[in-house]
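Colleague: I would like a close look at one part of this model. Please take me through the surroundings of the ligand, step by step.

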Amino acid sequence: MALQSLNSIRRGFEPWNDPAARPYIHFDRVTKKFGDFAAVNDLSLTIFEREFFALLGASGCGKSTLLRMLAGFEEPTSGRILLDGQDLRGVPPYRRPVNMMFQSYALFPHMTVEKNIAFGLKQDGMPAADIAARVAEMLRLVKLEEFAKRKPHQLSGGQRQRVALARSVAKRPKVLLLDEPLGALDKKLREETQFELMDLQQDLGLTFLVVTHDQEEAMTMADRIAILDKGEVMQVATPPEIYEAPGSRFVADFVGSVNLFQGQVTRRDAGRAEIAGPGLVIHTANPGDAEQGKTVHYAIRPEKIRLSSFPPENARANAAQGEIYDIAYLGDVTIYNVKLDSGQIVKSTVINSQRSADDPLTWGDRAWIAFQPDSGVVLTR
Amino acid sequence: MTIPVAPGTDIPTKNESRPVWSRGILRALSSRLVILVPYLWLLAFFLVPFAIVVKISFSQTTLAIPPYTPVLEGVGSLWQNLREFSFDNYLWLTQDALYFNAYVTSVVIAAVSTVLALLVGYPLAYGVARAPSALRPLLLMLVILPFWTSFLIRVYAWIGILKPEGLLNQFLMAIGLIDQPLLIMNTYTAIFIGIVYSYLPFMVLPLYAALEKMDYSLIEAAQDLGCTRSSAFWKITFPLSRPGIIAGCMLVFIPAVGEFVIPDLLGGSQTLMIGKTLWNEFFANRDWPVSSAVAVILLLLLVVPIMIFQQAQARQQEQGR
Ligand SMILES: Nc1ncnc2c1ncn2[C@@H]1O[C@H](COP(=O)(O)OP(=O)(O)OP(=O)(O)O)[C@@H](O)[C@H]1O
Ligand SMILES: [Mg+2]
């Protein structure tokens, strides 16, 4: 589903919408089994040259396994992996134009930070002066200039992670695989490094495949995100699409927080539908593939639900009454949990645009929730 | 709740019967005791006997029981005592080329055996360390299994294998590989075989310990950065196993230099190793002072490798963090 209003973040870079574009990395019905257990299950994925692609999924869903197959440490049980049109089966890791940053860092304990970063460059036979310059550049990138002469066991966890990052980036491979590259960094350093990675990827024209647990990180950096679950792809889309137009309840629930209303499609016209749920009739302008009479879910993000102590003026708005059940004040926003009269609990996020509201709602107050017909999506899966 | 207490202040709690300071002393004492016991052991059973050996090495041989002149005994003046010291035994060691040759031969034989044991032991240790983890205890067990039989009996068994009409020659002749029996018994080859066989576990165990704790993803990372399997081995695995190599080599080299049983049983009468020389001086010639001097020099020779071993151990511990 490509919404016109939900473009990729990088304007004009949308090879996935171009039927003539050739995929650079192609997982073609790849399955990887460990014994009877399928860590990756009949998975197909295409990634384009110069794309910043993120894999997002719960722990154990097969993200690292996918990267390890591309790097050459595991062979697929079945299916093919193509890189620039070439089938990678049987190609040893050292012949693949791919570098990987390991989730466990895998730093060489007997070498200094400098030597670790230089290792791959030396392997390529780069002249010593060029190596020194590249190492210095990498140390600057990860802000470890003073630590060049230390051994890995003399570094903190976050510093080790940065060395691992620098070592994998140093060779400037065509494809860089990053397995949780920033997980051990504090928030500020993580955000800075995210932007520097994006710049680096842009400047050098590399293709990045990044695994992350952190949705914000995926949203910030990636051109497209693949949501994985139990070794299968649930959805591949740009960050705005993933957020605003999730394809299934799993994706809607996995990325950000969401309110789901179950109901029956009572009317289905071109471009609109009416869904009757308990205590609430929803009019929607995004009917998706809802069919008359079917039971579906309507997903809407908390920040798109307005909260007030009065019924909405617009009679056509989707609205329901309830009681404030719980309040979480987070500084920039306040999250209200409203228990509707139907018994369902709905989340509403209110931006604290003023230091004090003139209409403070508090625990136990009666309140109305309301949302626009085009604010949510209908999910049939 | 814990109440923060400044260091040095003791706040007795009510379920304590003894005052805090006496518990402190007891604890300090018992923690010292743990270190003290092995040190006392070493003092009583190593340092004191060694001091006696050193003392004997400075005396003269006589026909008596014990067969040496008293040194540093009685309550004479220090000068008198020192005058009784004799360096004759040490001088004697330099005058007869026999001793020098025996030391050199022992060191060379021990060194060659150590290298051979490393060449055999490294692949073995590597194989065990890379085996499925369920299989490893069994494989290690097999490495240690020979220790269940007496060392002497195992060396004797090699005579049965290596002698001209022994199992090895019978087998090789039966399959037609040779028609004359190989003369291995009573050669240096037999000594090498004996030492490598006997000391192999001492090589394999420290190597295994070093290789087993190595993270396999390091090899993957090296391959990812452009190494072939073999260059990844030489650049990563081998340097990381160096503490294990040093420890294993020293554990083989140090006892092999003074080895007596193997050269005596497998090497025949003409082998000139320092352990045999020592035995001859002591039992055949009954020259306690000279054999003590031989033993003291042997120990001095081994101090260097022992120190190298100690350092390797310390480094391995540091790296293990
Ligand atoms: N060598 C292996 N042998 C057996 N099972 C394995 C092996 N490697 C991975 N698995 C299993 O495959 C599944 C996927 O593992 P993988 O490491 O790809 O997860 P992941 O998505 O990277 O998780 P995380 O986010 O925790 O790193 C897991 O259930 C894991 O237990
Ligand atoms: Mg992983």
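Modeller: What follows is a walk around ligand 1, starting with the residues that surround it. Keep in mind that the model is predicted.

Start with the shell. The residues around ligand 1 include A:Phe34, A:Phe37 and A:Ala39. A run from A:Ser59 through A:Gly60, A:Cys61, A:Gly62, A:Lys63 and A:Ser64 to A:Thr65 is also there. A:Gln103 and A:His213 complete the list. Sorted by class, the shell holds 4 nonpolar, 7 polar and 1 charged residues.

Now look at the oxygen atoms of the ligand. What distance separates an oxygen atom of ligand 1 from an N or O atom in the side chain of A:Ser59? That distance is 2.5 Å. A:Lys63 also brings in its side chain: one of its polar atoms lies 2.8 Å from an oxygen atom of ligand 1. A:Gly62 uses its backbone instead, with an N or O atom 3.0 Å from a ligand oxygen.

How much of the ligand does the protein cover? On its own, ligand 1 has 630 Å² of accessible area, and the protein covers 62% of that.

Which elements of chain A give two or more residues to this shell? They are strand E2, residues 37–47, and helix H1, residues 63–71. Helix H1 of chain A gives the most, with 3 residues. Look back at A:Lys63 with that in mind: its polar side-chain atom is the one 2.8 Å from a ligand oxygen, and helix H1 spans 63–71.

How values were computed
Residues numbered from 1 in each chain as written. Chains lettered and ligands numbered in written order. Predicted model: local features only at pLDDT ≥ 70, side-chain atom pairs only at ≥ 80, totals over all residues. Heavy atoms only, no water. Near = heavy atom within 4 Å. Polar contact = N/O pair within 3.5 Å; in protein donor to acceptor, adjacent residues only side chain to side chain. Areas by Shrake-Rupley, 256 points an atom, 1.4 Å probe, with all protein chains shown as cover. Helix = DSSP H or I, 4+ residues; strand = E, 2+ residues; numbered from the N terminus. Nonpolar A, V, L, I, M, F, W, Y, C, P; charged D, E, K, R; others polar.
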